[in-house]
Amino acid sequence: MDVKDCMSKNVCCCTPETNISDVAKLMCDNHIGCIPVCDTNNCVVGVLTDRDVILRTISCNKDAKTTKASDVMTCGVCTCKPDTTVEEATKLMSDYQIRRVPVCDQNNKIVGILSLGDLAHYDHEVGKQEVCTTLENICNCGKNTKNAE
């Protein structure tokens, strides 16, 4: 199975200039936790997660109305192509411990996003064990968190 067969195709994006308050509203309104940041050509230049909003904005006492997406986004985003196999995509997600992968065409333009939720939705085709293993690999941070004690 290829990524194009199970990715979400309607992707909410923002620009590097979008303020964090608007990004958070976009996340809330669309019930999503990740927003690709795209340039004027719709090419991915970064991603913002709900965690980024909390850890890189709120906890640092930055003003969400004046802080731009480019100030707190993650750069060097891992992406995949629509014809990437799901097995390759889950390995990427596992290796980099990421829950969502923007899907880009040959020109780096966003065409979709693959999330753990998408994998779970297509678990019959992907394989329940593949989904579970990917989730375990993403969440396994070496048990170095306070809650793991």
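# A guided tour of the chain, its pockets and its salt bridges

Begin with the whole chain shown as a surface: about 8,700 Å² is exposed, and carbon and sulfur atoms supply 48% of that area. What you have open is a predicted model, and the values given along the way were computed from its atoms.

Switch next to a cartoon and colour it by secondary structure, so that the 7 helices and 4 strands of the chain can be told apart, helices and strands being DSSP runs. Followed from the N terminus, the elements come in the order α-β-β-α-α-α-β-β-α-α-α. If you then colour by burial, 38% of the 149 residues count as buried. With contacts drawn between residues at least 6 apart in sequence, 56% of them join residues at least 24 apart.

**The largest pocket**

Now select Thr49, Arg51, Gln97, Ile98 and Arg99, which among the 20 lining residues are the closest to the centre of the largest pocket. The volume of this pocket is about 670 Å³. To see which elements frame the site, add strand E2 (44–49), helix H2 (50–56), strand E3 (100–104) and helix H7 (128–139), each of which gives two or more residues to the lining. Helix H2 gives the most, with 5 residues. Coloured by residue class, the lining of the largest pocket shows 10 nonpolar, 4 polar and 6 charged residues.

**Along helix H2**

Stay with helix H2 and display the side chains of Arg56 and Asp52, which meet in a salt bridge with an N to O distance of 3.6 Å. The two residues stand about one helical turn from each other, because they are 4 residues apart in helix H2. How exposed is each partner, Arg56 and Asp52? Arg56 has a relative accessibility of 33% and therefore counts as partly exposed, whereas Asp52, with a relative accessible area of 8%, is buried; the cut-off for buried is under 20%.

**The second largest pocket**

For the next stop, select Ser8, Asn10, Val11, Cys12, Ile32, Gly33, Cys34, Pro36, Arg100, Ile113, Ser115 and Asp118, the residues that line the second largest pocket. The elements that contribute two or more residues to this lining are strand E1 (34–38) and strand E4 (110–115). The volume here is about 190 Å³, and by class the lining holds 6 nonpolar, 4 polar and 2 charged residues.

**Further salt bridges**

The structure holds 4 salt bridges in total, and two others are worth displaying after the one in helix H2. Select helix H4 (residues 86–96) and show Lys91 and Asp95, which are 4 residues apart in that helix and so are separated by about one helical turn. Lys91 and Asp95 form a salt bridge in which the closest N and O atoms are 2.7 Å apart. Asp95, at 48% relative accessibility, counts as partly exposed, the class above this one beginning over 50%.

Finish with Lys4 and Asp2, whose side chains meet in a salt bridge at 3.6 Å, N to O. Which exposure class does Lys4 fall into? With a relative accessibility of 38%, Lys4 counts as partly exposed.

Technical notes:
Residues are numbered from 1 along each chain as its sequence is written. This is a predicted model: local features need pLDDT of at least 70, side-chain atom pairs count only at pLDDT 80 or more; totals for chains, interfaces and linings use all residues. Side-chain values use heavy atoms; hydrogens and water are left out. On a 1 Å grid over the protein atoms alone, a cavity is a set of points where a 1.4 Å probe fits but cannot get out, and a pocket is an open set with protein on both sides within 12 Å along at least five of seven lines; lining residues have an atom within 4 Å of a point. Grid points are joined across faces, edges and corners, and a volume is the space filled by probe spheres set on the points. Ala, Val, Leu, Ile, Met, Phe, Trp, Tyr, Cys and Pro count as nonpolar, Asp, Glu, Lys and Arg as charged, and the others, Gly among them, as polar. Buried means under 20% relative accessible area, exposed over 50%, partly exposed in between (1.4 Å probe, protein chains only). Contact means heavy atoms within 4.5 Å. Accessible areas come from the Shrake-Rupley method with a 1.4 Å probe; for residues, only the protein chains shown count as cover.
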